[in-house]
Each structure stands twice: as C-alpha cells, then as structure tokens.
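Please look over the sequence and the model below before reading on. The text starts from one residue and then moves outward to the sheet, the helices and the core.

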Amino acid sequence: MRDAERDPADTQREHWQQTYRAHPEMYGDQPSQAAIEAGAVFRDAGARDVLELGAGHGRDALYLARLGFHVRATDFSSTGLGQLQDRARVDGLSVETAVADVREPLPLADASVDAVFAHMLLCMALSTKEILALGAEVRRVLRPGGTLVYTVRHTGDAHYGAGIARGDDIFEHGGFAVHFFSRELVDTLADGWTLQRVESFEEGELPRRLWLVMQSLPG
C-alpha cells in the first residue's frame, strides 16, 4: 500500500465516500455547463458510446444518457455510483457503472468508446506522471477520431498555493486535494492529439477557475 503522506490520492477515496454519504447529490441534479457543452460536441461528432471518468453521484452521466448516449460511468466512490444507479432506475435510464481507480488501467477494451468526458477528475490528487498515464489509457480506449472533453482547475485559481502543499502543484484545502494545471501541462497532455479548444471559465461560489479542454485523436 502507498504511503498516504507521499501520495495524497490514497487518502481521497474515503474522504469522498464520507462526503457522498453525508451529502447525497451534493452537486444537485442539474448538469454542469461542461457536460452540456460536451454533449453538444459529442453529438456533432456522431458519438454513441461515452465514458465518464469521475462520475460521482451522476448528474452529468444521467444528463448524457438523457441525450441518448450509451454511458459508462466510473468513479472510485461506490457510494456515489450507488446514488447514480438509484437515480437512473427512477428515471428509467440505462447507465453502466464501475468502481475504478484511474491510477490503474481503465476497465474497458481497446477502442471501445467514441468519447470520454471528465469534469474535474484529472485535477484530483494525481501526480503529473499519473495524469499522463491516464491520458494514455484514455487514448487506448477511444476509437480513432474519438474525442476527449475535460475540465481542470488551473494555476490562476484562488486556491492555488493555498492550504497544505503536497508537491507537484497539488494543494489540499478543506480536505480536498487538487492538482492545479499549468497551461504547459494541458499542452503536454495533448501531445499526439488535435487540440481543438482550451477555454477558461468559472464555476461555483469561490469561484473555481477552470479550463475546458477539447481534443481528438487522429481519425
């Protein structure tokens, strides 16, 4: 087992489990703006199968399913995914779920999805090495021409440099550890892809400052 002091990602699973237990549907039932934009991009690209990484309790996965996509949702919180499945049953939606730690290989076959969506998953307590390895895994499971849409908090965010410094641009604030992305890291993650869009936006009350990134594989 990894040392939690050296790898803050190991401490986050139980923190999120407790958070979802204490605050069911903590993000509400409305989709994020990022999911709305991703849905439009995926539809225009002719995508059918969509993988969401870090789906949590499922507000975005359920939204994408309502648009008619076949959605596979992963998260490392079984509590969050259980809430997602409960809501999917109530709404009559079919969403596949799988508990997964993105530091490990994704539980999907090669070239098995048309699109991948990740709202603030890549900026969790992952090292740069783990982020780049996850990027390679996303590339593996995407079909040729597939699209990745993700959001990350960036180094212009008010919490960057605040709280407990964990190294590698990771800072812990209020129990949540975040890897703040530099623009250089965005460009590095896009190496070998077509980088279509990088757009700054704000979300929430702080507000959080994020990038919305869209990139695609060669067809």
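Thr74 is buried, because its relative accessible area is 3% and the cut-off for a buried residue is under 20%. The model is a predicted one. Thr74 belongs to strand 2, which covers residues 70–75. Which residues does Thr74 touch, not counting residues up to four places away in sequence? They are Leu51, Glu52, Leu53, Gly54, Ala55, Leu81, Ala98 and Ala100.

Strand 2 is part of an open sheet of 7 strands, arranged in the order 3-2-1-4-5-10-9. The pairing in this sheet is mixed. Strand 3 (95–99) and strand 9 (194–203) each have a single partner strand and stand at the edges, so one side of each has no neighbour in the sheet. From one strand to the next, the twist averages 15°.

At the strand 9 edge, the partner is strand 10 (residues 208–216). Strand 9 and strand 10 run antiparallel and are joined by 9 bridges. One bridge can be picked out by residue: Glu203 has Arg208, in strand 10, as its bridge partner.

Next come the helices that lie across the strands. Helix 2 (residues 33–44) lies across strand 1 (49–53), strand 4 (113–119), strand 5 (142–153), strand 9 and strand 10. Its direction makes an angle of about 165° with strand 4. Helix 5 (residues 128–141) lies across strand 1, strand 4 and strand 5, and runs at about 145° to strand 5.

Helix 2 also meets another helix. Its axis and that of helix 3 (residues 59–66) come within 10 Å, crossing at roughly 30°. Angles under 35 degrees count as roughly parallel, and helix 2 and helix 3 are therefore roughly parallel to each other. Their crossing is right-handed. On the helix 2 side the contact is made by Ala35, Ile36 and Gly39, and on the helix 3 side by Asp60, Tyr63 and Leu64.

The last stop is the nonpolar interior. How many residues does the largest nonpolar core have? It has 60 residues, and those with the most contacts inside it are Leu122, Tyr150 and Phe181. Leu122 is in contact with both Tyr150 and Phe181. Leaving aside neighbours within four places in sequence, the other residues in contact with Leu122 are Ile131, Leu134, Val152 and Leu189.

Notes: Residues numbered from 1 in each chain as written. Predicted model: local features only at pLDDT ≥ 70, side-chain atom pairs only at ≥ 80, totals over all residues. Heavy atoms only, no water. Pairing = 2+ DSSP bridges. Helix = DSSP H or I, 4+ residues; strand = E, 2+ residues; numbered from the N terminus. Axes fitted to C-alpha atoms, helices over the stretch in contact; angles between N-to-C directions. Contact = heavy atoms within 4.5 Å. Core = buried A, V, L, I, M, F, W, Y, C linked by side-chain atoms within 4.5 Å. Buried < 20%, exposed > 50% of the residue type's maximum accessible area, 1.4 Å probe, protein only. Parallel < 35°, antiparallel > 145°, perpendicular 65-115°, else oblique. Left-handed = near helix turned anticlockwise from the far one by under 90°.
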